[in-house]
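User: Please take a close look at the metal site in this model. I would like a connected account of the site and of the parts of the chain around it.

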Amino acid sequence: MSFKLEQLSKEKLLQAVRIKKQCNARAQLIVESLLERYVSEDDFLRKLPEINQCHYNDVVDERHILHLCSYPLCGEIIETVPQQQYQISTLTNKVYDITDRKKFCSPHCFKASEYIKSQMLTSPLWLRHQEIIPAFKVLK
Ligand SMILES: [Zn+2]
């Protein structure tokens, strides 16, 4: 009896590993496809449920390396990235870390990207089947 149980859980574990591998491979393809200069909104919304926050962070970083605005729905090329890491707001007199902000061509793209990220699940993809996948909305 206990042998049978062990056998079963091992099989389940192996199955989970297989699903995990498949999910990651698929997510990797999606990350790569979101590095195109122009990504359509439909395409974007269709792909988002299949990746999680850390994949999205990869997209943001990779687009930045490619000198593209990090928001996938924006095709702007960012030729000069500010060197500084901090900026002082003349309005509030506060110092802001702009490391993430400068990956985007405009405050709007930054906001829109953060908005997408806030809707994403952080749970591993292969544990998703019991979870309700949210419908993503883009910031207009
Ligand atoms: Zn942009």
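Analyst: Along the chain, the donors of the zinc ion are spaced as C-x4-C-x30-C-x3-C. The model in which this pattern appears is a predicted one. Two of the donor cysteines sit in separate loops: Cys69 belongs to the loop between helix H3 (53-65) and strand S1 (86-88), and Cys105 to the loop between strand S2 (95-97) and helix H4 (107-119), so this pair ties together parts that are 36 residues apart in sequence.

The zinc ion takes its protein donors from Cys69 (SG), Cys74 (SG), Cys105 (SG) and Cys109 (SG), which lie 2.3 Å from it. The angles among the four donor atoms run from 106 to 116°, and the site is tetrahedral. For comparison, the ideal angle for four tetrahedral donors at a metal is 109.5 degrees. The two loop cysteines can also be described by their accessibility. Cys69 has 0% relative accessibility and therefore counts as buried, whereas Cys105, at 35%, counts as partly exposed.

Helix H3 precedes the loop that holds Cys69. The 13 residues of H3 should span 18 Å at 1.5 Å a residue, and the 19 Å between its end C-alpha atoms agrees with this. The buried residues of H3 are His55, Tyr56, Val59, Val60 and Arg63. Seen down the helix axis, they fall within an arc of 150°, so they line one face of H3. Just after H3, His67 adopts a positive phi of about 65°.

Tyr56 leads from this helix to the nonpolar core. In the largest such core, which has 23 residues, Phe44, Leu48, Tyr56 and Tyr71 touch the most other members. Helix H1 (2-33), H3 and H4 are the elements that give two or more residues to this core. In soluble globular proteins, nonpolar side chains tend to be buried together. Beyond its neighbours within four places in sequence, Tyr56 is in contact with Phe44, Leu48, Ile51, Tyr71, Pro72, Ser113, Ile116, Lys117 and Met120.

Pro72, one of these contacts of Tyr56, also has a spatial relation to Glu41. The C-alpha atoms of Glu41 and Pro72 are 8.9 Å apart, while the two residues are separated by 31 residues in sequence. Glu41 is placed in helix H2 (residues 41-47) and, at 32% relative accessibility, counts as partly exposed. Not counting residues up to four places away in sequence, Glu41 touches Leu73, Val138 and Lys140.

How values were computed. Residues are numbered from 1 along each chain as its sequence is written. This is a predicted model: local features need pLDDT of at least 70, side-chain atom pairs count only at pLDDT 80 or more; totals for chains, interfaces and linings use all residues. Side-chain values use heavy atoms; hydrogens and water are left out. Donors are N, O and S atoms within 2.8 Å of the metal (3.2 Å for Na, K and Ca); water is not among the atoms, so sites may look incomplete. Four donors count as tetrahedral if all angles lie between 85 and 135 degrees; four count as square planar and six as octahedral if opposite donors are over 155 degrees apart and all others between 65 and 115; anything else is irregular. Helices (H or I, at least four residues) and strands (E, at least two) are DSSP runs, numbered from the N terminus. Buried means under 20% relative accessible area, exposed over 50%, partly exposed in between (1.4 Å probe, protein chains only). Contact means heavy atoms within 4.5 Å. The expected span of a helix is 1.5 Å times one less than its number of residues. The arc is that of the directions from the helix axis to the C-beta atoms. A nonpolar core is a set of buried Ala, Val, Leu, Ile, Met, Phe, Trp, Tyr and Cys residues joined through side-chain atoms within 4.5 Å.
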